[in-house]
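Work through the exercises below with the model open. Each task is followed by its solution.

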Amino acid sequence: SSDTSQTLKQENENLKRQITTLTQEHDMAVESLIEIKKQINSNVPKLHNEYRKVSHELQSLRSKYQSSLANIISLEKENDVLTASMHNKTDELEEKLVSQGRAHEEALRVMREERDATKRLFKES
């Protein structure tokens, strides 16, 4: 009975030491969790601010993109108008040059005829 009592006392002491160790580990884990929660709580406002900043920048970039896209479309339309106008002017100039070329050819023909007529007159006289 004395042996049993001694064994039970030792087991009781072992259990108390285990409980003390587990309690200490539990307390350390709780402290660690509290520290982690503090860090999370201190980071949350920073993250919210960062999110707001990034969101605002994204909105700004979207606006700039839409504005740039509108400018590009406007410039493309203007370019189309200018290109069509340039083609029309080119066609008009080409017609004028062809017409002037014909007029010059006609003037040259007339001058040659007059020259030839003058030569004939000189030969005849």
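**Exercise 1: a pair one turn apart**

Glutamate 50 is partly exposed, at 41% relative accessibility. Partly exposed lies between buried (under 20% relative accessible area) and exposed (over 50%), with a 1.4 Å probe and protein chains only. This is a predicted model: local features need pLDDT of at least 70, side-chain atom pairs count only at pLDDT 80 or more, and totals for chains, interfaces and linings use all residues. Residues are numbered from 1 along each chain as its sequence is written, and side-chain values use heavy atoms, leaving out hydrogens and water.

Task: find which residue forms a salt bridge with glutamate 50.

Solution:
1. Apply the cut-off: a side-chain nitrogen of Lys or Arg within 4 Å of a carboxyl oxygen of Asp or Glu.
2. The partner is lysine 53, with the closest N and O atoms 3.7 Å apart.
3. Both residues lie in helix H1, three residues apart, about one turn of the helix. Helices are DSSP runs (H or I, at least four residues), numbered from the N terminus.
4. Lysine 53 is partly exposed too, at 48%.

**Exercise 2: a shared arginine**

Task: state which residues the salt bridges of arginine 109 join into one network.

Solution:
1. Arginine 109 bridges to glutamate 106, the closest N and O atoms being 2.4 Å apart.
2. Glutamate 113 also meets arginine 109 in a salt bridge, at 2.3 Å, N to O.
3. Shared partners thus put Glu106, Arg109 and Glu113 in one network.
4. Arginine 109 is partly exposed, at 37%. Glutamate 113 is partly exposed, at 44%.

Terms used. Helices (H or I, at least four residues) and strands (E, at least two) are DSSP runs, numbered from the N terminus.
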